[in-house]
Amino acid sequence: MNKDRLVDDKMMVLILYPLFILSFVLIQGSGYWLILLKRMSTPRFMVGYAGKIYKIFKIIDAVLLCAWIPIILLNYSNIIVTAFSIFIWLFCVIEWINYYLVRLSYSLNPMVLIEHMINKTLKKSRIAREIEK
């Protein structure tokens, strides 16, 4: 590490890559909620297109999430930066699952989610249902 700088290039990659993915996924979710908001006044808004667009986003996101694994292996810097990078990446994975596979938000009580997981009664997310149309 260069002594003139607080962080080196490897640290920047470890932090910025998962932050980019997280931002990309969260923007997709915001876009979907914007579509749903627009559908309140125009019920057929993007009905034929939203599922196709989000199916592509789902694949792109999965590739980006998988690409993080070699990035972290090749850019290991220190334990704190690596742990922070893993935390951000796990948050991305959870958001991706919440958007594209199953709904993970049921109640403020986390036991409700755990009960759904144990009973295998998790519901498909709205985007997952939209993709299937």
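So, S85: in this predicted model that serine is buried, with a relative accessible area of 0%. You'll find S85 in helix α3. And what is S85 in contact with, leaving aside its neighbours within four places in sequence? The list is L14, I15, P18, W68 and I72.

Okay, on to the core. As a general point, in soluble globular proteins nonpolar side chains tend to be buried together. Here, the largest nonpolar core has 26 residues, and the members touching the most other members are Y17, I21, Y54, L65, C92, Y100 and I127. Which elements give two or more residues to this core? Those are α1 (9-41), α2 (50-74), α3 (79-100) and α5 (126-132). Helix α1 gives the most, 10 residues.

Let me pick out I21 for a second. Not counting residues up to four places away in sequence, I21 touches L64, L65 and C92. L65 and C92 are both on that list of residues touching the most other core members, and so is I21 itself.

Now, since C92 came up, cysteines. How many disulfides does the structure hold? Zero. Why no bond for C66? Well, the closest cysteine sulfur to that of C66 is the one in C92, and it sits 12 Å away, which is too far for a bond, given that a disulfide needs the sulfurs within 2.5 Å. Seen from C92, the closest cysteine sulfur is in C66, again at 12 Å and too far. As for their surroundings, C92 is buried, at 0% relative accessibility, whereas C66 is exposed, with a relative accessible area of 53%.

Definitions and conventions
Residues are numbered from 1 along each chain as its sequence is written. This is a predicted model: local features need pLDDT of at least 70, side-chain atom pairs count only at pLDDT 80 or more; totals for chains, interfaces and linings use all residues. Side-chain values use heavy atoms; hydrogens and water are left out. A nonpolar core is a set of buried Ala, Val, Leu, Ile, Met, Phe, Trp, Tyr and Cys residues joined through side-chain atoms within 4.5 Å. Buried means under 20% relative accessible area, exposed over 50%, partly exposed in between (1.4 Å probe, protein chains only). Helices (H or I, at least four residues) and strands (E, at least two) are DSSP runs, numbered from the N terminus. Contact means heavy atoms within 4.5 Å.
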